[in-house]
Amino acid sequence: MAAPVADSRSWFPALALGVSLLKCLFISCYHSTDFEVHRNWLAITHSLPVSRWYYENTSEWTLDYPPLFAWFEFGLSHVAQHFDRNMLLVENLNYASPSTVLFQRLSVVFTDLVFIYAAKECCRCVQEQKSSRDVLNRPSFVLAVLLLWNFGLLIVDHIHFQYNGFLFGFLLLSVAKHLQSQHLQGALLFSVLLNLKHIYLYVAPAYGIYLLRSYCFTQDNKDGSVRWRSFSPLRLLALGSIVTSTCALSFGPFIVMGQLPQVVSRLFPFKRGLCHAYWAPNIWALYNVLDKSLATLGVRLKLLEEAELPKASMTGGLVQEFQHSVLPSVSPSVTLVCTLLSILPAVASIWWRPCGARGFLRCLLLCALGSFMFGWHVHEKAVLIAILPLSILAVESREDAGIFLVLSTTGHYSLFPLLFTPAELPIKVVLMLLFTIYSVTALRKLHRGQGSLLHPLEVVYLLGLIAVAITCEIVFPLSPWQQKLPFLPLLATSVYCSVGVCYSFLRLYISLLRREEKPKQP
């Protein structure tokens, strides 16, 4: 592990302050229905007794995050009452007074302090280049920009509206603690994160296997295999105590009230369907398109009767269950099996060929992408779970930098449909261009002399996003298809970006499986 950068205090606060001021400029921008979701949760946790939190359904946006996040909303509500008490009334649906907007926007900015601190800790963990005399060309500085000024987080949290920066702060801080060999602190932070938002179960296998293999087993044999006699029951007990106590504090009150089944039903609503309203760019988007194409071909060849086919609900932009027309319909159990199979080689790798904390980080990325690729009802925003941690590896390895450029560019562009109002079009285009251009130039300078970061076909594919953007954002809205096929731009965006995400997943796997076996590192 590299030593902390001596002059980090001189430039890091300036980066953090600059991006915080930028976030404040977005206060009056468009906000999505997630704004009302969190306002409603403020009202539920402030106005109702705990026993009714997970039963309240006046609004369609019911509380469906773990209890620890509900307590987080409860804490925010006590500050919110000083801005506008009316926002805390459950019956005030879609309430968005200027004071309410100001409070909720500022709450995201201030809770991002967790993310800022986590980014600083991650910067302390990267390996500095001996020849990097210029601060702007140091891996720690580039990493700070890639994290603090991440395009995806800026538009999802501070325009669309969510608290992802606060949550990613716990994830990155946990990763940093493992890179610093402070494993119990890392485990505690991840346990807290799981009880804030259960989507991070995606990466739980990486944590579980890594801590069991590299923390509970304290020694290896000479060939790198596990020395079974080195198992430490006390270390396992310490980890178990951390997880158990955190979950007990979070879920305990609801278990005592006999409400655990109700809470679980809210956390895992499998009736929402295979895909989100806007398909995440994953394998199921390609599967859906293939099914639709086969159905269309079958009708034209008179092999299928159009009247007997299921309605095209899966391209209607609705959150619901649907049946495929030609290919077998996919159930939650099928997606679970596919997800487990997709992450199995990565998890097995850190058990049989442990490569220290950076091997764990690589496994975490594959678990995140595997779950994103094959999971049930995946949100497009979940791609950030892989993009942000990959930034750490990108500033240290040329190969990882190339993968980062493909994944971040396609993953970030896949978020474009979240901001569909004309006023936000220049904002998202300029922000993404600035972030992408910086990423390419900064990473190229970091890894100069080591070869090109991108292959020619990768460059062609990424440039193709420009054509997709022009078609979807400018040409299509002016065409007659706008009324007939309103979901077509979402479909095109999702399918095109699916190719890049799938490709990045495969490249990450190849880079993992071909690495030479190394002894455990801190």
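Start by selecting Ser191: at 5% relative accessibility, this residue counts as buried. Keep in mind as you click around that you're looking at a predicted model. Ser191 belongs to helix 9. Now show what surrounds it. If you skip the neighbours within four places in sequence, Ser191 is in contact with Ile242, Val243 and Thr246. For a distance check, pick Ala176 as well: Ser191 and Ala176 are 15 residues apart along the chain, and their C-alpha atoms are separated by 15 Å.

**Next stop: Gly186**

Stay on helix 9, which runs over residues 183-196, and select Gly186. Is Gly186 buried or exposed? Gly186 is buried, with a relative accessible area of 0%. Which residues touch Gly186, once neighbours within four places in sequence are left aside? The answer is Ser174, Lys177, His178 and Tyr207, so go ahead and show those four as sticks. Then draw a line from Gly186 to Cys367, C-alpha to C-alpha. These two are 181 residues apart in sequence, while the line in space comes to 18 Å.

**Helix 12 and its neighbours**

Jump to residues 260-267, which make up helix 12. Highlight Val263, Arg266 and Leu267 there; these residues are buried. They sit on the same side of helix 12, because they cover an arc of only 100° around the axis. What do the buried residues of helix 12 pack against? Colour helix 3 (67-80) and helix 11 (233-256) to see: those are the packing partners.

**Two unusual backbone angles**

Now for a pair of residues with positive phi. Select Asn94, in the loop between helix 3 and helix 4 (98-111). Phi of Asn94 is near 60°, a positive value even though this residue is not a glycine. Turn on the surface here: Asn94 counts as exposed, at 61% relative accessibility.

Then move to Phe161 in helix 7, which covers residues 151-161. Phe161 isn't a glycine either, yet its phi is positive, at about 100°. How accessible is Phe161? Its relative accessible area is 0%, so Phe161 is buried.

**Zoom out**

Time to show the whole protein as a cartoon. How many helices and strands are there? You'll find 21 helices and zero strands. The radius of gyration is 23 Å, close to the 24 Å that the globule rule gives for 522 residues, so the protein is as compact as a globular protein of that length. Switch to the C-alpha trace and turn it about: along its principal axes it spans about 65 × 55 × 45 Å.

Next, colour the chain by burial. Of the 522 residues, 54% count as buried. Try displaying contacts too. Among contacts between residues at least 6 apart in sequence, 77% join residues at least 24 apart.

Finish on the outside. Bring up the surface again, this time for the whole protein: about 23,100 Å² is exposed, with carbon and sulfur atoms supplying 67% of it. As a last selection, pick out the charged side chains. The protein has 40 positive and 30 negative ones. How far apart are the centres of the two sets? They lie 8 Å apart.

Methods:
Residues numbered from 1 in each chain as written. Predicted model: local features only at pLDDT ≥ 70, side-chain atom pairs only at ≥ 80, totals over all residues. Heavy atoms only, no water. Buried < 20%, exposed > 50% of the residue type's maximum accessible area, 1.4 Å probe, protein only. Helix = DSSP H or I, 4+ residues; strand = E, 2+ residues; numbered from the N terminus. Arc of directions from axis to C-beta. Contact = heavy atoms within 4.5 Å. Rg over C-alpha atoms; globule rule 2.2 N^0.38 Å. Areas by Shrake-Rupley, 256 points an atom, 1.4 Å probe, with all protein chains shown as cover. Lys, Arg positive; Asp, Glu negative; His and termini not counted. Charge placed at Lys NZ, Arg CZ, Asp CG, Glu CD.
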